Each structure stands twice: as structure tokens, then as C-alpha cells.
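Dear colleague,

Please find the structure below, with an account of what was found in it. I should be grateful if you would read the two together.

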Amino acid sequence: MDVKEVLFMNKGDGENSYAQNSPFTQRVIELSKPVLESAVQSLFGEAGIWNKVFNVADLGCASNASTFSVMSSVIENVQKKCVELNAPIPEFQLYLNDLPGNDFNTLFKGLSSFADRYNDASLFMMGAPGSFYGRLFPTNSLQLVHSSYGVHWLSKVPKLTDEAGLPLINKGKIFISKTSPVAVKEAYLRQFEEDFSLFLKSRSQEMVPNGRLVLVFNGRPSADFTRDYCYPIPWESLSEAIAAMVSEGLIQEEKLDSFNVPVYAPSQKELKGIVSKEGSFELEQLETFPINFGDKNLSDKLFKNMRSVTESMISHQFGEEILDKLYDKFIQISIEDMATNEEYKVLSFLVVLRRNATDH
């Protein structure tokens, strides 16, 4: 599976689209907004970081209104602080990034109404398609970079091999589970270490010294790989739904055994270790916050959101004809699992990194 081509949220604005079914992402943005605002404020204390243009990138912006909420916070906080300091308000260059398969058409439909809210500002917005696991922008061009629920997605599915280097099957599962061999867990961690290190290296080249990198992504509360509640998608339930369709003869078993999702939630220890080893950034802030999936404000559209996030990968691997039946079964299994776990929570990390003033 080529992640760059296959991974994207459901397009358009229909019943199963991501744009219509992303209350979880919007909740995360609201919860993380105070930290983003604080990061923007901190930039005013850095000498030499300001010029006539303030360059901001939102990485993994998807196609819903969340990215506009992020940009609103940035613009309004910069304007407010400039007024307080009697300083000139800069022009704003805003970059919206995601993989090429992202629904930029739906995203861009909201640009004009967003810009109209800031007709007193000099505002420029640009799409920037491409993988953030590599360079996207010119050297020393960005003061602020934000990404919400992007960096837990891997650049590719980890290569699963045993100690002898032979191919390894994660039998009957699509992710790390309690029955997965240790080598599967190690392969996922290696891939995340490789990807996140490259992410940091690429951003360090693009950002000005003392610029801020604000990240929100799934995290684990401990070293335990198998705590399924860390993720907004209950992958174990989705594995069970696919396995049930295999037993019914609707999906080939080898298709299940050859499918693994490219996602990983690190522990705090793993995250800190990568940041320290890569060396381009200083960790300024690391917070964790859980969101309870039993929250009525989220639950109404919760399962449609899960489908809007996973459908591109599932249809690529198993075909479109099984989608409705598969997701019906997935919902049934998930509801039963959540009924026995009223505290089903998703844990997120909220991270602020400062670009070091000198190269590592």
C-alpha cells in the first residue's frame, strides 16, 4: 500500500464525508487552542524572528473547518499583540498542507468566506500538497508550524520481519494487538522513529531559529502497546469485523493477513527520546489530555467519522462492494466493546517545540 496515494479522508460534503463528520477533530482543536495561542505569544519575545511577513503552515490540514479555526487563532493573536505593543501588523502567508489525495477542492471552497472575515488584514493562503516527511518549504521561511492529528500517521506500513529477516504475518490483525509478535511492535516503533526524526529534520530546515512547532497527536499513557483506547479508531474492533467477514467468505483471508494500518501512538519516553536524539528542537511543553468517547456531543457522528477516516484504505485493500456491510459490523462490535468500557478514552499529546537557535 502506497500511503501517499491511498491515505486521505473521505471527500466532498456528503453523508459519509470527513467534512461533515469530524466533531472529534474540532473538539481537539478547541482543547489545544490555549496552547497554540501561548506559542504565538511567545514568538514576540524572540529577537529577530519578526519581519514584514508572518509565515504559518498547517500540516495535515484535511478538508474540514478545523484548519480555519487554527488560522483564526493565529491571526487574531498576532493582531492583538501587535496592537498592545504598538507594532505594525505583518502580512500573513498561510500554507495548507496535506497529501496529494486530500480533498483540496472542498477545503478551498471555504477560503473566500474565511478571508472575508479578515478583510482588514493582508492575508495570503496557499495549498501545499505533499508528504511532510520531507521538505515542503524554503529554508528559514516559517515562524510557526502547526499539525493536529497528522504525525501519528506513518509514511508507510512498517516492514514486518522476524529475527531471521523473513517476512512476518500479523495473523488476523491489522495493527498491534495483544496477540501480535514482539517483532510487529518493534517494527512499528522503528518506523515511527524514522518518520518523526525526518519530520523534525525537515521542519528545522524550513523554520527560522526560535520558531515554534505545535503538534497534537495520539499518544500512549504507558509502554503498553495494546491499550486500544489510545486511538480514535478502535483498530481491534475493525480487525474483528474484517475477520468476521473472512469467516463468512466475503473477504479473502490473505487480504486480511497482508493488511496493516500505518499509524503509531508513541509513549512520552519514546517521543522525548526522538526529539533529544534528533537535536534540532527543544521540548518546551508536553501535555496529555483524554477525550471520553461516551461524550454525547461526540457520539452521534463518531462512527461516521471513523468511516470517513479509514474508508480510503479499506476500500483499496478489500474493495468497495463490502464497505456498507463491513462498517455495519464494525459499528456493532464497537458499540458492544464500548458498552463494557464506559471510560473509553482517546489520549492525545499536545507538544510545543522551539527551533534551536543554532544547528545541531
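Helix H7 (residues 235-247) packs against helix H11 (residues 302-318) at an angle of about 30°, and their axes are 14 Å apart. Axes here are lines fitted to C-alpha atoms, for helices over the stretch in contact, and angles run from 0 to 180 degrees between N-to-C directions. The two helices, H7 and H11, are therefore roughly parallel to each other; angles under 35 degrees count as roughly parallel, over 145 as roughly antiparallel, 65 to 115 as roughly perpendicular and the rest as oblique. On the H7 side, Trp235, Leu238 and Ile242 meet Thr310, Met313, Ile314 and Phe318 of H11, where contact means heavy atoms within 4.5 Å. Sorted by class, this contact of H7 with H11 has 6 nonpolar residues, 1 polar residue and no charged ones. Ala, Val, Leu, Ile, Met, Phe, Trp, Tyr, Cys and Pro count as nonpolar, Asp, Glu, Lys and Arg as charged, and the others, Gly among them, as polar.

The model is predicted: local features need pLDDT of at least 70, side-chain atom pairs count only at pLDDT 80 or more, and totals for chains, interfaces and linings use all residues. Residues are numbered from 1 along each chain as its sequence is written, and side-chain values use heavy atoms, with hydrogens and water left out.

Trp235 and Ile314 appear again in the largest nonpolar core, which has 66 residues; together with Phe196 and Phe199 they have the most contacts inside it. Such a core is a set of buried Ala, Val, Leu, Ile, Met, Phe, Trp, Tyr and Cys residues joined through side-chain atoms within 4.5 Å, buried meaning under 20% relative accessible area with a 1.4 Å probe, protein chains only. Helix H6 (residues 182-206) gives the most to this core, with 8 residues. Another core, of 39 residues, lies apart from it and includes Leu36, Ala39, Val74 and Leu123.

H6 also packs with helix H9 (residues 268-278), at an angle of about 45° and with axes 10 Å apart. That makes H6 oblique to H9. Among the H6 residues that meet H9 are Phe192, Phe196 and Leu200, and the H9 residues include Leu271, Ile274 and Val275. This contact of H6 with H9 has 7 nonpolar, 1 polar and 4 charged residues.

For the protein overall, the secondary structure comes to 12 helices and 7 strands, taken as DSSP runs of H or I (at least four residues) and E (at least two), numbered from the N terminus. Buried residues make up 57% of its 360 residues.

With kind regards

Technical notes:
Buried < 20%, exposed > 50% of the residue type's maximum accessible area, 1.4 Å probe, protein only.
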